[in-house]
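Visitor: Could you take me through one part of this molecule up close? I'd like to hear about the charged side chains and how they pair up or gather.

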Amino acid sequence: KYPTAQPLGPALPMVFVATRDRKRCEGIAEQVGDAAAVQQIEDVVAFLDNLKATSSLSPLVVIDCVEASIQPSTIATLAHELPKNSGVLLWGATDEHRDLTELATRDRGWLRCGIEATPDDIAALIQMLLGKKPAH
């Protein structure tokens with residue numbers, strides 16, 4: 001059994017980063033600061049468990065297409081499992097991913113950003129999506 005994120009105190013929005021690269025996740029977490037709780041997700045079971053546990057917190061899922069721990073195609077097939085109020089951001093999506101996301105997201109917005117986006121860029125985007133102004 002995997003540890004699932006337990007919200008503490010006033011519930012922060014949850015951001016799950018599906019990446020094999022801890023540094024990329026930590027870079028995002030540092031920049032997001034206390035606007036959200038950022039957690040690295042390393043497999044699909046942990047992903048689903050955490051999403052269900054935090055569905056009331058409008059979770060945001062960042063899929064690192066460059067260092068993906070869960071293939072974007074897997075998440076696309078699970079799109080119906082995502083809470084209605086969740087968002088998905090594909091980081092470093094290619095044309096191949098574009099077709100996939102269009103298939104998966106007829107009814108909800110998945111966002112894409114280029115391969116050149118840095119963890120800082122992703123964090124700024126997360127803050128924007130969460131309606132928080134960057135701290136700079």
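Guide: Let's start with a yardstick: a residue is buried under 20% relative accessible area, exposed over 50%, and partly exposed in between (1.4 Å probe, protein chains only). This is a predicted model, where local features need pLDDT of at least 70, side-chain atom pairs count only at pLDDT 80 or more, and totals for chains, interfaces and linings use all residues. Residues are numbered from 1 along each chain as its sequence is written, and side-chain values use heavy atoms, leaving out hydrogens and water.

Now for the pairs. Side chains of opposite charge can pair when their charged atoms come close. A salt bridge here means a side-chain nitrogen of Lys or Arg within 4 Å of a carboxyl oxygen of Asp or Glu, and the whole structure has two. One joins Asp64 and Arg24, with the closest N and O atoms 2.5 Å apart. That pair links distant parts of the chain, since Asp64 is in strand 3 and Arg24 in helix 1, 40 residues apart. (Helices, H or I with at least four residues, and strands, E with at least two, are DSSP runs numbered from the N terminus.) Asp64 is buried at 0% relative accessible area, and Arg24 is buried too, at 18%.

The other bridge joins Glu67 to Arg20, with 3.3 Å between the closest N and O atoms. Glu67 sits in the loop between strand 3 (60–64) and helix 3 (72–77) and Arg20 in the loop between strand 1 (14–18) and helix 1, so the pair ties together parts 47 residues apart in sequence. Glu67 is partly exposed at 27%, while Arg20 is exposed at 53%.
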